[in-house]
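Thanks for making the time, everyone. I would like to walk you through a few local details of the backbone and the cysteines, so please have the sequence and the structure open in front of you.

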Amino acid sequence: MITDQPPSSHPRLLAGFARVAAAGRRAVLPTLVCLCGWFAVGAAAAQAQPFIQGFQPSTLATTVPGNGDVNPYGIVTVPRSVGALVQGDVLVSNFNNKGNLQGTGTTIVQIPPGDMNQNPGDAPLFAQINPKRLPGPCPGGVGLTTALAVTRTGFVIVGSLPTSNGVSNTARAGCLLVLNSNGRVVETIAGGPINGPWDMTAVDHGFFTTLYVTNVLNGTLKASPDPTVPGGIVNRGTVVRIQLLTIPGVRPRVFDEDVIATGFAERTDPAALVLGPTGVALGSDGTLYVADTVNSRIAAIRDAPFRFFPDRNGGQTVFEGMPLNAPLGMTLAPNGDILTANGGDGNVVETTPDGSQTTTAAADPNAGDLFGLTLTPDQSAVYYVDDGTNTLNLLGP
């Protein structure tokens, strides 16, 4: 998911970048963080009518490209036409290869709206990433996760949590891969707090982008030496805020990264590879919402754009328990409510930010098929991926 922001030509923003060049990243971070908060946008005030009430599912297109990659996870719509990116198209990242091994998918497909006359293997390819030809480190290789965003300046950022054979005991820390508008990897973000980047939301400021990334491998492998059985729960999942330079024609660079939340439950899982903090969405007041998959919970991290010290307790609970059922992907509805895709059943759940009300809509008859979701460009419906059928779907009126 990515949150669109006002154009980056505002003089204060340009002045902020001048100070970056002159003073170094730490000296100007307070200015940039304030700008993040100042420009942060979210949904309008909550309405009485639930957004997804009465919505029905429909299948739009296959997500399987020519190389046979399956298990679509990440999803985002293109905000502006740049290079090979076409405004309104849908990008989808695949986590598995043709042999259905988790953590080995290398493709991002780009699906035009309304293009439903495809067969598996026909999904238009935006990028196929060769793990042997990366411009920087990505420990373990490539296995594309739900973490997927695209900026108005034409950069695509995608998470990688790779395995060598599809099971958790070979999973490695991975990285974030930054691609240009023609699908070529131009930078990797690895090391430090990046350890199994699983999902992400991005706030687009034009010349720079703020990423909020969940990480799910902090201690989980130690909890499960046998990948055929679920691992024990460890409370070490994190959320990392990354400030990334995204100027067209300039190699993207990280100028700050901070862990803003810790203590999320994670464990390895033979069916899902790993369970941990997944969906993330930023509210208009600077609250970052996180889907706590293990505990069927929505958590809130207050003051996410400004926070310099991590919330060490997995955030404040917004809502916990049914109808949440292993929530995975997350986005915000136009009315400000939180939308999550359940991994434990086939429902999309709408929750008010105060947790006082929930609404559900059936998106799939099976458990374990839903993952990423995002709003359509006109904000009238929800795109989501179904990794049981390997399709892009629509939940709408």
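**Backbone details and one disulfide**

I will start with D303, which sits in the loop between β18 and β19. Please keep in mind throughout that what you are looking at is a predicted model. What is unusual about the phi of D303? Phi there is near 55 degrees, a positive value in a residue that is not glycine, and I point this out because most residues other than glycine have a negative phi. As for its surroundings, D303 has a relative accessibility of 45%, and it therefore counts as partly exposed.

Now please move back along the chain to S296, which is placed in the loop between β17, residues 288-292, and β18, residues 297-301. S296 is not a glycine either, and yet its phi is positive, at about 45 degrees. Is S296 buried or exposed? With a relative accessible area of 15%, S296 is buried, since the cut-off for buried is under 20%.

The next stop is P323, in the loop that runs between β19, residues 316-320, and β20, residues 327-332. The peptide bond leading from M322 into P323 is cis, with omega near 10 degrees, and that deserves a remark because most peptide bonds are trans. Which residues does P323 touch, once we leave aside its neighbours within four places in sequence? The contacts of P323 are then with N342, V349, T358 and T360. For a sense of distance, P323 and N347 are 24 residues apart in sequence, while their C-alpha atoms are 8.6 Å apart in space.

Let me finish with the cysteines, where the count comes to one disulfide. The partners are C138 and C175, whose sulfur atoms lie 2.1 Å apart, and the pair qualifies because the cut-off is a sulfur-sulfur distance within 2.5 Å. The link between C138 and C175 is left-handed, with -90 degrees about the S-S bond. Which parts of the chain does this pair tie together? C138 lies in the loop between β6, residues 125-128, and β7, residues 144-150, whereas C175 belongs to strand β9, residues 175-179, so the disulfide joins parts that are 37 residues apart in sequence. Both ends are buried by the same cut-off of under 20%, for C138 has a relative accessibility of 10%, and C175 has a relative accessible area of 0%.

That is where I will stop, and I am happy to go back to any of these places in the viewer.

Note on methods. Residues numbered from 1 in each chain as written. Predicted model: local features only at pLDDT ≥ 70, side-chain atom pairs only at ≥ 80, totals over all residues. Heavy atoms only, no water. Helix = DSSP H or I, 4+ residues; strand = E, 2+ residues; numbered from the N terminus. Contact = heavy atoms within 4.5 Å. Buried < 20%, exposed > 50% of the residue type's maximum accessible area, 1.4 Å probe, protein only.
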